[in-house]
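Please examine the structure shown below, then read the report that follows. It treats internal cavities, nonpolar cores and one helix in turn.

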Amino acid sequence: MESSRQTPTASEDDFMSNFSAPLIHRVMLSDPADFHKLTTSGDETRSPTLSFFDLLKAKGYVNADIANSIANASVDASADIRSAGSSESQIASTVQRAFHDILLSQIQTTTTYQPLHPLLLEMHATLRSLIPNRKDLHHDDRYLNDDAIKAADGDTLIETLGLVFKIGEALAWLESEERSQTSKEWIGIAKDAIEICGLSERRVSCMEEEEGMKIDFQVQVNNDFEESEGNGEDVQIDLSNNVSVSLGYSEFAVASAEFLHKKAQQCKTDVMDFQLAHVLAPRIQALGKAYMMKTFRTKFGIQENQQSNQSLPHLKAWLEETITNSEYAREELSSSEELRGAAVLQTGWVDQILFRTPRDFNANDGDGNSGDFGTSD
């Protein structure tokens with residue numbers, strides 16, 4: 001019978017219930033010295049910083065072959081916009097393209113930028129979640145004022161771009177220095193677009209886009225930014241690594257809002273990863289074993305003082321067969337955790353489950369091995 005200390009308290013249960021079993025397993029299997037490598041997504045590495053070019057390329061606004069030849073460098077900076085990858089990332093990319101197309105169609109059909117407003121309000125909520133204790137900034141008129149978005153008529157690009165611009169500035173302040181460089185690049189592009197198109201001097205409506213009016217700008221292909229001398233906020237861009245882009249007003253507005261939305265989510269993920277590595281992981285590892293054992297007992301109806309093999313006959317049969325067919329003697333397995341792990345991985349998992357024939361618990365494969373262990377475990 002296990003000691004009472006191995007049974008999680010109610011508060012410990014509440015804490016651990018916030019995390020998925022795969023995340024708990026990853027933390028438990030990690031050396032404390034490697035906690036900084038943990039991510040909430042399970043990816044082995046931190047996601048690269050998304051640039052405005054990455055998004056434009058994913059939406060088909062930039063010729064990838066030309067851009068790559070100009071930059072002569074890798075521009076594959078975000079897992080969710082890669083042309084090749086897992087089926088999950090490809091599905092996500094397809095959904096994002098569909099969302100982009102729907103937004104663009106709604107704006108062009110209604111001749112108003114109001115379809116963007118829910119996305120802007122969502123970004124406000126995300127940014128506020130990054131500074132939960134700064135209530136004084138949650139409705140700051142300069143950056144995160146929801147009322148300004150709700151009151152906007154959405155008829156002009158200058159009005160809409162002004163709302164998006166404030167979000168970009170707030171995001172650049174909240175991001176890490178490395179992450180903020182691509183946000184600052186977008187801010188520079190937006191400023192130039194306003195000046196070049198004269199949008200700051202007159203109100204340009206959605207309808208005017210039908211007349212062929214475009215926003216022309218240059219976007220940097222890679223993320224090799226260097227801060228300029230002075231206030232440290234401007235970004236120097238090597239024009240040899242730039243490509244020219246020409247977008248309609250609604251295209252520029254939608255692409256800008258989507259870019260900042262993805263950057264805000266990336267910033268939120270960075271904060272969560274930092275908290276996992278430096279705050280949560282040590283406690284998860286300390287409580288993980290007792291919590292997972294309790295979860296296991298609850299799932300299969302095992303009492304705390306009950307031997308697991310009393311209600312899990314197939315598990316017992318599998319372990320017995322793993323021991324019998326292992327290359328190690330029973331005494332060796334009893335005295336070495338490392339050998340037990342090797343036996344479970346090779347004999348128990350690979351030989352007895354992955355490549356087992358026939359896959360029937362009650363059948364016999366001719367070598368003295370019973371078949372599959374069923375599903376009751």
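## Cavities, cores and a helix

The count of cavities of 30 Å³ or more comes to 2. The model in which they were found is a predicted one. The volume of the largest cavity is about 60 Å³. Its lining consists of His-124, Asp-141, Tyr-143, Leu-144, Asn-145, Ala-148, Ile-149, Leu-163 and Lys-166. Two or more residues of this lining are given by each of helix H7 (146–151) and H8.

The report now turns to the nonpolar cores. The largest of them has 53 residues. Within this core, the residues with the most contacts are Phe-52, Leu-56, Trp-186, Phe-217, Val-219 and Phe-252. The table lists the elements that give two or more residues to this core.

| Element | Residues |
|---|---|
| Helix H3 | 52–58 |
| Helix H5 | 87–110 |
| Helix H6 | 117–130 |
| Helix H8 | 157–174 |
| Helix H9 | 177–197 |
| Strand S1 | 214–220 |
| Strand S4 | 242–248 |
| Helix H10 | 249–300 |

H10 supplies the largest share of this core, with 10 residues. A second core, separate from this one, has 14 residues, among them Leu-23, Ile-24, Leu-287 and Met-292.

Two residues of the largest core may be considered individually. Phe-52 lies in helix H3. Is Phe-52 buried or exposed? Its relative accessibility is 0%, and therefore Phe-52 counts as buried; the cut-off for this class is under 20%. Leaving out residues up to four places away in sequence, Phe-52 touches Glu-185, Trp-186, Ile-189, Phe-217, Val-219, Phe-252, Ala-255, Ser-256 and Phe-259. Phe-52 and Glu-258 are 206 residues apart along the chain, and 9.6 Å separates their C-alpha atoms.

Phe-252 is the other residue to consider. When its neighbours within four places in sequence are set aside, Phe-252 is in contact with Phe-52, Leu-161, Trp-186, Ile-189, Ala-190, Ala-193, Ile-215, Phe-217 and Leu-247.

The final subject is helix H11, which comprises residues 313–325 and has 13 residues. From its first C-alpha to its last, H11 reaches 18 Å, close to the 18 Å expected at 1.5 Å a residue. Which residues of H11 are buried? They are His-314, Trp-318, Glu-321 and Thr-322. These residues are on the same side of H11 because they cover an arc of only 105° around the axis. The buried residues of H11 pack against helix H13 (337–354).

Conventions:
Residues numbered from 1 in each chain as written. Predicted model: local features only at pLDDT ≥ 70, side-chain atom pairs only at ≥ 80, totals over all residues. Heavy atoms only, no water. Core = buried A, V, L, I, M, F, W, Y, C linked by side-chain atoms within 4.5 Å. Buried < 20%, exposed > 50% of the residue type's maximum accessible area, 1.4 Å probe, protein only. Helix = DSSP H or I, 4+ residues; strand = E, 2+ residues; numbered from the N terminus. Contact = heavy atoms within 4.5 Å. Expected span 1.5 Å × (residues − 1). Arc of directions from axis to C-beta. 1 Å grid on protein atoms, 1.4 Å probe; cavity = no way out; pocket = protein on both sides within 12 Å on 5 of 7 lines; lining within 4 Å. Points joined across faces, edges and corners; volume = space filled by probe spheres on them.
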